Protein chains: 2
Amino acid sequence: MANILEVARRAGVSSATVSRVLNKTGTVSSNTRFKVEKAIEELKYEPSMLGRNLRNSESRLLLVLIPNFSNPYYTEIINGIEDYSIANGYNILLCETDSNPDRENIFFNMVKNKLADGIISMDPTVNMQKLTELADEHPIILCSEYDEGGSIPYVAIDNESAAYKAIKHLIKLGNHNIGLINTDEKFLYARQRRKGYERALKEFNLPIRNEWIYTTAGLDFQHGVQAMRKLLQLNEKPSAVFAVSDTLAIGALKELNVRGLNVPDDLSVVGFDNISFSNMTTPTLTTVAQPMYKMGFTAASMLINSIKGRKVESVILDYELIIRESTMK
Amino acid sequence: MANILEVARRAGVSSATVSRVLNKTGTVSSNTRFKVEKAIEELKYEPSMLGRNLRNSESRLLLVLIPNFSNPYYTEIINGIEDYSIANGYNILLCETDSNPDRENIFFNMVKNKLADGIISMDPTVNMQKLTELADEHPIILCSEYDEGGSIPYVAIDNESAAYKAIKHLIKLGNHNIGLINTDEKFLYARQRRKGYERALKEFNLPIRNEWIYTTAGLDFQHGVQAMRKLLQLNEKPSAVFAVSDTLAIGALKELNVRGLNVPDDLSVVGFDNISFSNMTTPTLTTVAQPMYKMGFTAASMLINSIKGRKVESVILDYELIIRESTMK
DNA sequence: TTGAAAGCGCTAACAT
DNA sequence: ATGTTAGCGCTTTCAA
């Protein structure tokens, strides 16, 4: 593969001139430009990003940290990140951490090593202390899950009020016994959604009963199945359930189905995230939609602004309660 | 951020010696090594990959081309690719082409530009001609979708025989009228699965009826819904349907459900891919499982071997028919 | 065992 | 308008 010097020689100019043509900087006579372009063409020259990046000390690569690919929740966010990034000359590197600190370190090092210019983290299991240290020296944005009171800028929705709204919807339908399928409260969104759940119950003078709150060990469908199974073993069963993720809610629907229970007649279900699948279940799932594409898009714009040295502020976006069959009675 | 020279000065050695310590090459006295490690520690030095990559003219980055993230089919393959790659010191860059030639070009250029060392393409819509040209100069592996008679090495399953087996299963259950929900036959797997479908029918002297073969415009759930709707409008309806992807099959199940038809009593359904969701539908979905993780793992090992200059051969992996409720009658 | 120095491919300051 | 040159951070050959 030809390098810039060979192009320069063939065109009878210096490498500086070739660089000017390549980057459309400085001034080049149209005659010289023509010669250079001809040489580029003839040699099928492609500039090496390795040289350019070293010289400019930038990689134009952004890291996107997610715990794992298999959660469909992330796909639309990633689309948003990717669209903004590519439009602005950056590429993204999707990093699956598997909630594994070793992997996390690899990715952190890529930033320290100048292999990437910044990070968007969507990983709720990320080591926030390390990330905050890293944020001292490198541009970092949090997306969806963030650090309350921390210093790293974030994009998110108001989880507390979204959960509140979902529960209020269930209450207005006449449900007084409302269960919660939550996930580990080490996650901020889990704590926030639980708070919203409790606020709504209190507001309507409904009791908060611990046996109606089930905490799962993960977000797979199977965890939702498991959770619903437990709730159905109770003497006094809830008449509605709010799951903090669609995957859990779908697992719950599956279990209800297997038990021959009718949703929403026997029990109403609300999920969270509006993954594409939530419209394919029977019944279709009532859920909270986050503006995922916009979240990703916004996060990317914040990160790139931050890389360019501009100051960025955290952003709270709107959500929407999408009412479908699982709560239509 | 300190560079190698500062470390060298602080340790009272040359940058060459620091490099030797860093890379564990050459010979360094344990005393010198100690001094260098101390200096690295004190300065919190992290080697720049930019410099190293330029020098070694490699990026240790692999591109993985997929048409879009939202198809859950790809997630396990990606896990396999990622595990092998990371274990061997490479990182992967997930590239969503959206079947858009412009995006594709960006990614091709990254390889030409030395920003990436090779490509694994899972994109059935990729411009095979361009990719083949690129493969002359750069390591490229195809995964799952490949180029029949082409020169690029691939990992895949035998789609024709997998479809054949699925149809034979339906026939043995007593189905004589079997529909096919296929996708655009510009895709190799679509042509191969159709062939398998036809071979099984012929073998049992069953007619191949064009009105029972529906070709969708895409792989979203909604396309499956649409396809089933059309098949149900026929005067003579099929008693079983084979869809070439789980997403389509799940859409079909949804439509059957909406129409109040029972699966498998009124109509049996078989999908393809064994996505995690296929076990959450009601009824659960009979489907063909590809060894996705292994496919990804294999593809990555082939690519890295190819980068290291070793010769690689195409690989055909085994599949498995997973029988679930949608065909249990 | 260690150091000096060249060079990977590029850009930009400076000179002409 | 164009060329000369230094240097980004690293590795490696050659010499000591």
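**View 1. Two copies, one shared surface.** Every interface residue of chain B, 100% of them, is also an interface residue in chain A, so the copies meet through the same surface (contact here means heavy atoms within 4.5 Å). This is a predicted model, where local features need pLDDT of at least 70, side-chain atom pairs count only at pLDDT 80 or more, and totals for chains, interfaces and linings use all residues. Residues are numbered from 1 along each chain as its sequence is written, chains are lettered from A and ligands numbered from 1 in the order in which they are written, and side-chain values use heavy atoms, with hydrogens and water left out.

**View 2. Turning one chain onto the other.** Give chain B a turn of 180 degrees and a shift of 0.0 Å along the axis, and it can be laid on chain A with an RMSD of 0.1 Å (superposed by least squares on the C-alpha atoms of residues with pLDDT of at least 70 in both copies). That is how a two-fold axis relates things. In chain B, the C-alpha nearest the axis belongs to B:Leu93, 2.4 Å away from it.

**View 3. Around DNA strand D.** Here 26 residues surround the strand, and A:Arg20, A:Thr27, A:Thr32, B:Tyr45 and B:Arg55 come nearest (a residue is near a strand if one of its heavy atoms lies within 4 Å of it). A polar side-chain atom of A:Thr32 sits 2.3 Å from a phosphate oxygen of strand D, while B:Ile4 uses a backbone N or O atom, 2.5 Å from a phosphate oxygen. In the side chain of B:Arg52, an N or O atom is 2.7 Å from a phosphate oxygen of this strand. Look for α2(B) too: with 5 residues, this helix gives the most to the surface near strand D (helices are DSSP runs of H or I, at least four residues, numbered from the N terminus).

**View 4. Around DNA strand C.** This time there are 25 residues around the strand, and A:Ile4, A:Tyr45, A:Arg55, B:Arg20 and B:Thr32 come nearest. Of the strand C atoms within 4 Å of the protein, 62% belong to sugar or phosphate and the rest to bases. Polar side-chain atoms of A:Ser19 and A:Asn23 lie 2.8 Å and 3.0 Å from a phosphate oxygen of strand C.

**View 5. From domain to domain in chain A.** The domain assignment gives chain A domain 1 (4–47), domain 2 (61–157 + 292–319) and domain 3 (159–290 + 322–327), with bounds that come from an automatic or database assignment. Taken over C-alpha atoms, the centres of domain 1 and domain 3 of chain A are separated by 63 Å.

Key:
Polar contact = N/O pair within 3.5 Å; in protein donor to acceptor, adjacent residues only side chain to side chain. Helix = DSSP H or I, 4+ residues; strand = E, 2+ residues; numbered from the N terminus.
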